[in-house]
Amino acid sequence: LAPDWSIRDGRLDLARRLAGHPKVKVINAVSQEHAEVTKLAVLPEFKDKILGITNGSDAQIWKSPELSRLEKEGKPVTGKQLFDIGQRVKERLVEFLLKETGKQFTDIRRPLVGLVRRFVEYKEQGILFAVIQFIVGDRDKKYPTPWGEDFGLGMNLLVGGAGRDGVGHDWVRVFKDFAEKPEMKGKLIFVDGSDVDLMRIATQS
């Protein structure tokens, strides 16, 4: 049975009851668009409480300390500074991965693709399997892709996370198999599981 306070106009309406509670000061929408839709169509009477934060995440958490310091100085940040910061963070990433997995990227000057998240069917990470060789492949060689042969992107690929449903567990096994292939050595690293430290350093790299 639902408590009386959750009933409104004869219907169960937890969202509005909670939104109207005096102790609720902020309603966190998961993106700016979600916030606007919620204000217009879902909880218009509480629009002043609704705040859109993409994925409930504070951008400052994911910035490197070097970049934060430059921004605090109030000076324009140049492309070279961003590149140099990224390279230094990649060096820390290599140390982190070597400690956690015993593996490292062979060439940290290559662009990095970092995908660290939980593996679940609706996130569709499985679409990557057909293009992994293309992503990490050399730029002077062609590789099969769903749209035909194409030159490799010459990137490093960092994948991490844990399977959270049956399909996710299957995808984890496939990524692990890919990472063990000789041609992927030093180009693709899979980290079993994830934590804030890994996600932060991967984002900063």
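**Entry 1: the loop after S5**

Is Glu-124 buried, partly exposed or exposed? I looked it up in this model, which is a predicted one. Glu-124 comes out at 43% relative accessibility, so I put it down as partly exposed. My cut-offs: under 20% is buried and over 50% is exposed.

I then checked where Glu-124 sits, and found it in the loop between S5 and H6. Its backbone caught my eye too: Glu-124 has a positive phi of about 60°, although it is not a glycine. That made me stop, because most residues other than glycine have a negative phi.

Next I clicked on Gln-125. Gln-125 belongs to the loop between strand S5 (112–116) and helix H6 (132–136). With a relative accessible area of just 7%, Gln-125 is buried. What does Gln-125 touch, leaving aside residues up to four places away in sequence? I noted Arg-117, Arg-118, Phe-119 and Val-120, plus Trp-171 and Phe-175.

**Entry 2: helix H5**

I wanted to check a helix with a bit of arithmetic, so I took H5, residues 79–101. It has 23 residues, and at 1.5 Å a residue it should span 33 Å. The C-alpha atoms at its ends are 32 Å apart, which agrees.

Which residues of H5 are buried? I wrote down Ile-85, Gly-86, Gln-87, Val-89, Lys-90, Leu-93, Val-94, Phe-96 and Leu-97. A lysine is in that list, Lys-90, which I underlined. A reminder to myself: an α-helix has 3.6 residues a turn, so residues three or four places apart point the same way.

What do these buried residues of H5 pack against? I found two helices, H4 (65–72) and H8 (196–204), and three strands, S5, S8 (156–161) and S9 (188–192). After H5 comes Gly-102, and its phi is positive, near 80°.

**Entry 3: salt bridges**

How many salt bridges does the structure hold? I got twelve. The idea behind them is simple: side chains of opposite charge can pair when their charged atoms come close.

I began with one inside H5. Asp-84 makes a salt bridge with Lys-80, and their closest N and O atoms are 2.8 Å apart. Both residues lie in helix H5, four residues apart, which is about one turn of the helix. Asp-84 has 26% relative accessibility, so I call it partly exposed. Lys-80 is exposed, at 59%.

Then I went for one that reaches further along the chain. Lys-187 and Asp-138 meet through their side chains in a salt bridge, at 3.5 Å from N to O. Lys-187 is in the loop between helix H7 (166–179) and S9, while Asp-138 is in the loop between H6 and strand S6 (142–143), so this pair ties together parts that are 49 residues apart in sequence. At 25% relative accessibility, Asp-138 is partly exposed.

My third pick was Asp-192 with Lys-176, a salt bridge whose closest N and O atoms are 2.8 Å apart. Asp-192 belongs to strand S9 and Lys-176 to helix H7, so here the parts tied together are 16 residues apart in sequence. Asp-192 is exposed, with a relative accessible area of 53%. Lys-176 is partly exposed, at 34%. I also spotted a network: Asp-138, Lys-141 and Lys-187 are joined by salt bridges that share partners.

**Entry 4: strand S9**

Since Asp-192 lies in S9, I went back to that strand. How many of the five residues of S9 are buried? I counted four, so S9 is largely enclosed by the rest of the structure. S9 pairs with S8 in the parallel sense, over five bridges. One of the partners I looked up was that of Gly-161, and in S9 it is Asp-192.

**Entry 5: out on the surface**

Which residues form a nonpolar patch on the surface? I found Leu-12, Leu-14 and Leu-18, with about 280 Å² of accessible area together. Leu-14 is part of helix H1, which covers residues 14–19. Its relative accessible area is 42%, so Leu-14 counts as partly exposed.

Last lookup: Lys-72, which is in helix H4. At 75% relative accessibility, Lys-72 is exposed. I drew a line from its C-alpha atom to that of Ala-15 and read off 39 Å, for two residues that are 57 apart along the chain.

Definitions and conventions: Residues numbered from 1 in each chain as written. Predicted model: local features only at pLDDT ≥ 70, side-chain atom pairs only at ≥ 80, totals over all residues. Heavy atoms only, no water. Buried < 20%, exposed > 50% of the residue type's maximum accessible area, 1.4 Å probe, protein only. Contact = heavy atoms within 4.5 Å. Patch = residues over 30% accessible without salt bridge, like charges linked within 9 Å, V, L, I, M, F, W, Y side chains within 5 Å. Areas by Shrake-Rupley, 256 points an atom, 1.4 Å probe, with all protein chains shown as cover. Salt bridge = Lys/Arg side-chain N within 4 Å of Asp/Glu carboxyl O. Expected span 1.5 Å × (residues − 1). Pairing = 2+ DSSP bridges.
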